[in-house]
Every structure is written in structure tokens, then in C-alpha cells.
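Student: Please take a close look at how the strands are arranged here. Keep it to that one part, and walk me through it in one go.

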Amino acid sequence: MEKVIVAAANGFIGQHLVLKLSEKYDVITLTRRPIEIKGASKNVIWDGKKLDFWCNEIEGSLAFINLTGKSVNCKWTEANKKAILDSRVEITELIAKAIAKSKEPPKVWINASGVSIYKETFGDLQTESSKEMADDFLADVTKKWEEACFSSPAQVRKVAMRTSVVLGNDGGSFPIMRKLTGFFLGGKLGSGKQFFSWIHIDDYCKIITDQIIPNEKINGPVNMAAPESVTNAEFMRSLRKAMGKPFGIPTPKFLLKIGASIIGTEPSLVLKSTCVVSEVLKQNEHVFLYPQVDSALEELIGRTRG
């Protein structure tokens, strides 16, 4: 079996991805501490700061997938902002050096990124060919993150996964939304008019295994988002329907800001409008498992009911 390396494989997305990859590939994981990840044949310790024995795993690999980065779901103090930026850019630069030094580099280097790079819109679809980018903290981080990958001397095919909100029952923001909706707090957030780009965790993994790794035509950014972008009000309405909740109390903008301050996060994470779809995946005739939000939410809620 061909070898695929996944860095930061111990997170919510990483664990799902490793399990899916293991159906086709020999998966090697890189983590900062010893951990057994289901589907991985081997776990290698690295610190993400220096080139050492982990670089040996790169030789002869099919793909290197980098998922590292401090969560943005925190209060954006100056210290946290620095950690969010450094954990992305510095590690990406380190991987670039390792791949550039490799005698037999991977066929493709797949680096995480985010849809936060795009300018806020309220209905105008943003695709990989869109030129207008946002001018805020997260967009700046994402631009530098991608630059660290694409400007590197590593002569391999490079793909930046501009990831929207990934929906899964065991990680990310969805379990919180599900819990709040269960307590009848699943109303619109703020005005509810802001668009919400999303993707089911199974589709996220399928894009990597079925498109990005084997398809040599795919280079550059890929929007990891479902073909249906909905408003926050529409998403919450679909979630209430899937959970059988007849109503949900809305949360006005001022209460969101207060709540975010209390729990130590940023209100912009739910208030910024992102309307993103993938032109690249459409051109390559990718078939989504869950293209509409209703089917995605019904599957996820159905899974919790056994």
C-alpha cells in the first residue's frame, strides 16, 4: 500500500481522515505526544519545530497532509493571535524545508487552510477564482499560511484546503449547536442573514481520498465546502427540524458578544457571513454524499439516535 502521512492527526478532523485513508493507504501519523489513532499503522512523535527523524517518513510517500494549527475558537488576545499565526506558518515552513530536502518527496502536499480568506458576502458566491479577499485578522493569517506553502521551494504538487465549518458529532462546533438546540436555544444567531458555509465530515474525507490525492489536475486552493451555502437562520431551522424541535429562541447580536466574552471566544466566528462553494470540485465532477444541509443534518442527528 502507498504511504500517506498526516500531521496533527489526533484532532477531530484528523481521526476521521486517518480512518478513511486507511481503507486505501498505509497511514503514518505525526503527533506531539504518543497516541494510538485508529487506522494508522504507525505513529511518529515530532515537535513541529525542527527537522529530525520524522523527516525519514517523507521518503517515498504518496501524500503529506498537514492539519496543524491552534484552534481559532478562543479569545483573540495578542498572545493567542501570535500562537494562531505561528502554529500555522512556522510549521508549514518547516514542512516545506523537509519536503525540499527529501530525496524522494511525496507526490502531493496537502495543507490546511480556511474560507476565512474570502471577503464577507451576503449571497454572492465565492469560489477558488475569486479575487476579493478579506482584510481582517483571520484572513491575514490564512494568506500567510498559504504563502508559506505555495512559495516554498518544494517541487511537488501543492493543494491548500480552504475549509468551511466541518460538521461532525464528535468534534468542532456542531455538538455545541446540537446541544443548544436540544434546550430550545437553536434560534437564529444575530440577524440570521449571515451566510454559513459548511461540509459534512464524511464529504471532507471523501474529497481528499477521491479527488485531491489521486487527481493530478488539482493544484492550488480547493474550497472544502458543500455546494449549498445557507443563511444562519436557514441552517438553524434545518437543525431544529432534524431534531424535532418546534422552535428555538434567537440570540441577538449583543447577547452573542456578551456570551462570547464569558466563554472566551470571538463573536465574529458566527457573525461573519461566508458564502463559499467549490468551482474546482464542480469542474472535476465530484459527487457529494451530503450536498444539501437537510440531508447532512438528518444523517448526523440520526447517527446520535443509533
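Tutor: Two strands pair if DSSP finds at least two bridges between them. Strands (E, at least two residues) and helices (H or I, at least four) are DSSP runs, numbered from the N terminus. This is a predicted model, where local features need pLDDT of at least 70, side-chain atom pairs count only at pLDDT 80 or more, and totals for chains, interfaces and linings use all residues. Residues are numbered from 1 along each chain as its sequence is written, and side-chain values use heavy atoms, with hydrogens and water left out.

Start with the whole chain. It has 10 helices and 11 strands. Its C-alpha atoms fill a box of roughly 60 × 40 × 40 Å along the principal axes.

Now the sheet. Seven strands form it, and it is open. Read across, the order is S3-S2-S1-S4-S5-S6-S10. The pairing is parallel. At the edges sit S3 (42–45) and S10 (220–224), and each of these pairs on one side only. On average, neighbouring strands are turned by 20° against each other, direction ignored. The axes behind such angles are lines fitted to C-alpha atoms, for helices over the stretch in contact; angles run from 0 to 180 degrees between N-to-C directions.

Zoom in on one pair. S1 covers residues 3–7 and S4 covers residues 63–66. They are joined in the parallel sense by four bridges. Ala7 has Asn66 in S4 as its bridge partner.

Next, a helix on the sheet. H3 (residues 137–150) packs there, touching S5 (108–114), S6 (157–163) and S10. Contact means heavy atoms within 4.5 Å. The direction of H3 makes about 175° with that of S5. S10, an edge strand, is thus also one of the strands that H3 touches.
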